[in-house]
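Welcome! Here is a short guided tour of a protein model, meant to be read with the picture beside you.

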Amino acid sequence: MYLPDFEYYAPENIAEACKLLTQFGEKAKLLSGGTDIIIKMKKEVLAPEVLISTKNLGMKEIEYVPGKGVVIGARATHNDLVKSEVLQGKYASVSNAAKQMAHNQVRNVGTVGGNISNAVPSADLPPIFISLNATVKLVGSNGERTVAMEDLFTGPGKTVLAQDEIITEVVIPDQEMTGSTYIKFGLRKSGALAVVGVAVAVQVENNVIKDARVALGAVAPTPVRAKKTEEFLKGKTVSDELLAEAGVIASGECKPISDIRASAEYRTDLVRIFTKRALRKAIDEGHV
Ligand SMILES: Cc1cc2nc3c(=O)[nH]c(=O)nc-3n(C[C@H](O)[C@H](O)[C@H](O)COP(=O)(O)OP(=O)(O)OC[C@H]3O[C@@H](n4cnc5c(N)ncnc54)[C@H](O)[C@@H]3O)c2cc1C
C-alpha cells in the first residue's frame with residue numbers, strides 16, 4: 001500500500017493554516033497524528049491533493065483555567081490525556097477513556113482534534129466529553145466560534161466544521177457532577193474499536209440524583225445523548241432497581257446498526273447493561 005502523491009505544507013500559525021485551507025478548498029485536509037488519514041489514503045478511501053500539518057500550531061497544552069475549566073489543546077495526544085496531572089481527580093474519567101483507546105503506538109500520536117473531527121460513531125472521546133458538557137473551539141478564516149460537543153456531529157464522518165475551520169481546543173467546564181465514567185465494550189482487550197461506549201456523569205447528594213448526563217457511542221450515526229434517561233434519573237433516590245430501569249430506557253434511546261462487530265440487538269442490550277454499570281460506578285466510585 002503506497003501513499004498517493006500530495007503536496008505538503010506545515011504552516012507556522014493557525015491563521016496561515018486557515019488561509020491554506022481556504023486556498024485549496026476541498027482538495028486539502030489537515031494532518032495531525034495521521035493515524036486515520038494516512039491509512040485512508042493508503043487504502044485509497046481518501047485522496048487529498050494537499051496535506052496541511054498541524055505540527056507547528058501548538059495546541060498541545062492541557063491546563064486548568066479558573067472560571068473556564070479544563071482546556072485541552074486539539075493536538076494533545078491520547079497518551080497526553082492518560083498522563084495529564086490536570087485531569088486527575090475530577091476529570092480522571094477522561095484519562096481513563098483515553099486509556100481504553102487503541103494501543104500505545106496510536107495513543108502516542110493520535111490526537112484529540114483528529115479523534116473528534118473524524119466523527120466516527122465508535123470514537124471514544126466524544127461520549128465522555130459530551131457527558132461532561134464540553135465545548136469545542138473552531139477557528140476559521142472569518143474568526144472563531146464555540147460549539148457544544150453534542151452539536152458537533154451531523155452523521156458518520158460528518159461535522160458542522162466548515163472547510164477552512166480547525167478544531168483548536170476542547171473545554172470541559174467546571175463541574176457540579178460528583179462522579180463520571182466511560183465504559184467501553186470492544187471485541188478485544190486493547191486495540192479494538194467500541195462496539196458500545198457509555199459515558200455518564202452524575203451529581204448525587206444524600207443518595208439522590210440531582211443531575212445526570214448520559215452519552216452513548218457506537219449505537220447511532222452520531223454519539224447520542226440519552227435525554228429521556230437523564231430526565232428519568234433526576235430527583236430520584238439511588239437504588240439497583242432505579243439504575244436497572246435507567247438502563248432499559250437508555251437502550252430505547254439508541255439506534256444501532258448490525259455490522260461485522262455486533263448485531264443491532266446485541267448492541268441495544270449492551271447499552272442496557274453498560275448504562276446501569278456506568279451509573280453504579282460513577283455513583284459509588286466518583287470520577288473513574
Ligand atoms: C490501530 C488503530 C486503533 C484505533 N483505535 C481507536 C480506538 O480504540 N478508539 C478511537 O476512538 N479511535 C481509534 N482509532 C482511530 C484514530 O486513531 C483516532 O481517531 C485518532 O484520534 C485520530 O487522530 P489523528 O491525530 O491521528 O488524526 P489524523 O489521522 O491526523 O486526522 C483525522 C481527520 O481529522 C482531521 N483533523 C485532524 N486534526 C484536526 C483538527 N485539529 N481540526 C480539524 N480537523 C482535524 C484530518 O483532516 C482528518 O480528516 C484507531 C486507529 C488505529 C490505526
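The notes below go through the model topic by topic, beginning with its domains.

Keep in mind that this is a predicted model. The chain is divided into domain 1 (7–53), domain 2 (62–172) and domain 3 (179–285). A ligand is surrounded by 28 residues, and the shell around the ligand draws at least three residues from each of domain 1 and domain 2.

**Where domain 2 meets domain 3**

- Start with the distance between these two domains: their C-alpha centres lie 20 Å apart.
- The contact is made by 22 residues from domain 2 and 23 residues from domain 3.
- On the domain 2 side, the elements that supply two or more residues are helix 4 (92–99), helix 7 (125–131) and strand 8 (153–155).
- Helix 7 gives the most to this side, with 5 residues.
- Sorted by class, the side of domain 2 that touches domain 3 has 11 nonpolar, 9 polar and 2 charged residues.

**Helix 4, an enclosed helix**

- Why can we call helix 4 largely enclosed by the rest of the structure? The reason is that 6 of its 8 residues are buried.
- You can look for the buried ones by name: they are S93, V94, S95, N96, A97 and A98.
- Their cover includes helix 3 (78–83), helix 5 (104–109), helix 7 and strand 11.

**Around the ligand**

- Which residues come nearest to the ligand? They are G33, G110, G113, G114 and N115.
- The elements that give two or more residues to the shell are strand 2 (28–31), helix 2 (37–42), helix 6 (112–118) and strand 10 (166–172).
- Helix 6 provides the largest share of the shell, 5 residues.
- By class, the shell around the ligand has 12 nonpolar, 13 polar and 3 charged residues.

**A hairpin with a hardly covered strand**

- Strand 6 (residues 135–140) and strand 7 (residues 143–148) run antiparallel, joined by 6 bridges.
- The hairpin between strand 6 and strand 7 passes through 2 residues.
- To find one of the pairings, start at V139, whose bridge partner in strand 7 is E144.
- How many of the 6 residues of strand 7 are buried? The count is 0, and strand 7 is hardly covered.

**A four-stranded sheet**

- Here is a general idea to carry with you: strands of a sheet pair through backbone hydrogen bonds, either parallel or antiparallel.
- In this model, 4 strands form an open sheet in the order 11-12-13-14, and the pairing is antiparallel.
- Strand 11 and strand 14 (224–225) are the edge strands, each pairing on one side only.
- Strand 11 (179–186) is joined to strand 12 by 8 bridges, and I183 stands opposite V198 in strand 12.
- Strand 12 (194–205) is joined to strand 13 by 9 bridges, and E205 has V208 in strand 13 as its bridge partner.
- Between strand 12 and strand 13 is a hairpin with 2 residues between the strands, where N206 takes a positive phi near 50°.
- Strand 13 (208–217) pairs with strand 14 over 2 bridges, and L216 has V224 as its bridge partner in strand 14.
- Is strand 12 largely enclosed or hardly covered? Strand 12 is largely enclosed by the rest of the structure, because 10 of its 12 residues are buried.

**Helix 10 and its neighbours**

- Helix 10 (residues 264–285) has 22 residues, which should span 32 Å at 1.5 Å a residue. The end C-alpha atoms of helix 10 are 30 Å apart, which agrees.
- The buried residues of helix 10 are R267, L270, V271, R272, F274, T275, K276, A278, L279, K281 and A282.
- A general point helps when you read a list like that: an α-helix has 3.6 residues a turn, so residues three or four places apart point the same way.
- What covers the buried residues of helix 10? The cover includes strand 11, strand 12, strand 13, helix 8 (227–233) and helix 9 (240–251).
- Following helix 10 is G286, whose phi is positive, near 85°.

Technical notes. Residues are numbered from 1 along each chain as its sequence is written. This is a predicted model: local features need pLDDT of at least 70, side-chain atom pairs count only at pLDDT 80 or more; totals for chains, interfaces and linings use all residues. A residue is buried if 20 or more other C-beta atoms lie within 10 Å of its own, exposed if 12 or fewer, and partly exposed in between; C-beta atoms are placed from the backbone. Two strands pair if DSSP finds at least two bridges between them. The expected span of a helix is 1.5 Å times one less than its number of residues. Two residues are in contact if their C-beta atoms, placed from the backbone, lie within 7 Å. Domain bounds come from an automatic or database domain assignment. Ala, Val, Leu, Ile, Met, Phe, Trp, Tyr, Cys and Pro count as nonpolar, Asp, Glu, Lys and Arg as charged, and the others, Gly among them, as polar. A residue is near a molecule or strand if its C-beta atom, placed from the backbone, lies within 6 Å of it.
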